[in-house]
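Ready for a few exercises at the screen? Keep the viewer open, try each task yourself, and then compare your steps with the worked solution.

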Amino acid sequence: MNEIDRFFANSVESIIVENLGHSALSKIKSRLSEKFGIGIYESLSQFSKFDIVLREFFGKGADSIERKCFESILLLDSKSMKNNDMYITIKDNDLSMLFLETFGDEMKKNMINCVTDKSMTIYEILRKCDIPQTSGYRKIKQLIENNFLTIQGHGTSSDGKKIPKYTSVFENIKIDIEKNKVLVSVKIKK
């Protein structure tokens with residue numbers, strides 16, 4: 001599954017619950033599993049399957065549900081699309097707060113910055129950022145779980161084992177605060 005799909009999947013679930021209720025979410029999840037053997041997270045990277053299930057339940061109303069989901073989460077900046085400088089503005093407050101919390105943590109921010117241009121093993125990240133292993137491993141685990149870091153290639157440990165290298169999912173991130181609202185725009189790596 002694409003890291004961006006995973007990143008937005010929790011928000012899609014929340015929006016479905018908010019607009020249609022827990023029962024509808026359970027039915028959608030059950031049908032995705034029954035019909036395709038996938039969950040809601042996977043269905044976002046295979047969007048046609050998500051769409052098929054929504055149409056089974058809601059018919060033409062699926063269009064407005066899909067539009068509401070994605071318009072509630074993000075906004076594509078048409079100006080940046082023309083310049084081939086694609087930024088996505090995150091409208092979902094929980095996701096915006098996750099960015100603010102992550103980049104408000106100096107260690108996490110340094111770790112992300114260090115793998116923006118080059119993938120590295122966890123050990124290399126900790127060494128380059130001069131971060132203690134105990135707290136460093138915990139913070140890297142959080143970055144991976146929150147989909148800020150993803151595997152890109154592998155390295156070899158000193159004992160010959162294959163170990164993953166990580167990179168940032170985002171090429172650039174802009175965080176603005178306007179009238180007590182956090183605005184986050186991200187440029188996704190190609």
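A residue is called buried under 20% relative accessible area, exposed over 50%, and partly exposed in between. Keep these cut-offs at hand, and bear in mind that the model is a predicted one.

**Exercise 1. Getting an overview**

Task: Describe the chain as a whole, from its secondary structure to its contacts.

Solution:
- Step 1. Begin with the secondary structure: the chain has 10 helices and 6 strands.
- Step 2. Next, look at the extent. Along the principal axes, the C-alpha atoms fill a box of roughly 55 × 45 × 30 Å.
- Step 3. Turn to burial: 40% of the 190 residues count as buried.
- Step 4. Finally, take the contacts between residues at least 6 apart in sequence; 48% of these join residues at least 24 apart.

**Exercise 2. Two domains and their interface**

Task: Find the domains of the chain, then characterise the interface between domain 1 and domain 2.

Solution:
- Step 1. The domain assignment gives domain 1 as 3-73 and domain 2 as 87-188. To their contact, domain 1 brings 9 residues and domain 2 brings 14 residues.
- Step 2. Taken over C-alpha atoms, the centres of domain 1 and domain 2 lie 27 Å apart.
- Step 3. The size of an interface is often expressed as the accessible area lost when the parts come together. Here domain 1 and domain 2 bury about 1000 Å² between them, with 64% of it on carbon and sulfur atoms.
- Step 4. Check for charge pairing and polar contacts. Between domain 1 and domain 2 there are 0 salt bridges, but 5 residue pairs are in polar contact, both residues at pLDDT 80 or more.
- Step 5. Now ask which elements form the side of domain 1 that touches domain 2. Helix 1 (3-20) and helix 5 (61-73) each supply at least two residues, and helix 1 gives the largest share, with 6 residues.
- Step 6. Sort that side of domain 1 by class: 4 residues are nonpolar, 2 are polar and 3 are charged.

**Exercise 3. A charged residue in helix 1**

Task: Is Glu13 buried or exposed, and which residues does Glu13 touch beyond four places away in sequence?

Solution:
- Step 1. Locate Glu13 in helix 1.
- Step 2. Apply the cut-off: Glu13 is buried because its relative accessibility is 15%.
- Step 3. List the neighbours. Leaving out residues up to four places away in sequence, Glu13 touches Leu25, Lys29, Ile40 and Tyr41.

**Exercise 4. Reading salt bridges**

Task: The structure holds 11 salt bridges. Examine three of them, starting with the pair Lys35 and Glu56.

Solution:
- Step 1. Recall the principle: side chains of opposite charge can pair when their charged atoms come close.
- Step 2. The side chains of Lys35 and Glu56 form a salt bridge with an N to O distance of 2.8 Å. This pair links distant parts of the chain, since Lys35 sits in helix 2 (residues 22-36) and Glu56 in helix 4 (residues 47-58), 21 residues apart.
- Step 3. Compare each with the cut-offs. Lys35 is partly exposed because its relative accessible area is 38%, and Glu56 is partly exposed because its value is 36%.
- Step 4. Widen the view: Arg31, Glu34, Lys35 and Glu56 are linked in a network of salt bridges.
- Step 5. Move on to Glu106 and Lys109, whose closest N and O atoms are 3.5 Å apart in a salt bridge. Glu106 and Lys109 are separated by about one helical turn, because they are 3 residues apart in helix 8. Glu106 is partly exposed at 47%, and Lys109 is partly exposed at 26%.
- Step 6. End with Asp159 and Lys161, a salt bridge whose closest N and O atoms are 4.0 Å apart. Both Asp159 and Lys161 are exposed.

**Exercise 5. A threonine in a loop**

Task: Where is Thr116 found, and what does the side chain of Thr116 reach?

Solution:
- Step 1. Thr116 belongs to the loop between helix 8 (106-114) and helix 9 (122-129).
- Step 2. With a relative accessibility of 15%, Thr116 counts as buried.
- Step 3. The side chain of Thr116 reaches the backbone oxygen of Ile112 at 2.9 Å.
- Step 4. Beyond four places away in sequence, Thr116 touches Thr167, Ser168, Phe170, Glu171 and Lys189.
- Step 5. For a distance check, take Lys174, 58 residues from Thr116 along the chain: their C-alpha atoms are 14 Å apart.

Notes
Residues numbered from 1 in each chain as written. Predicted model: local features only at pLDDT ≥ 70, side-chain atom pairs only at ≥ 80, totals over all residues. Heavy atoms only, no water. Helix = DSSP H or I, 4+ residues; strand = E, 2+ residues; numbered from the N terminus. Buried < 20%, exposed > 50% of the residue type's maximum accessible area, 1.4 Å probe, protein only. Contact = heavy atoms within 4.5 Å. Polar contact = N/O pair within 3.5 Å; in protein donor to acceptor, adjacent residues only side chain to side chain. Domains from an automatic or database assignment. Buried area = accessible area lost by both parts, 1.4 Å probe. Nonpolar A, V, L, I, M, F, W, Y, C, P; charged D, E, K, R; others polar.
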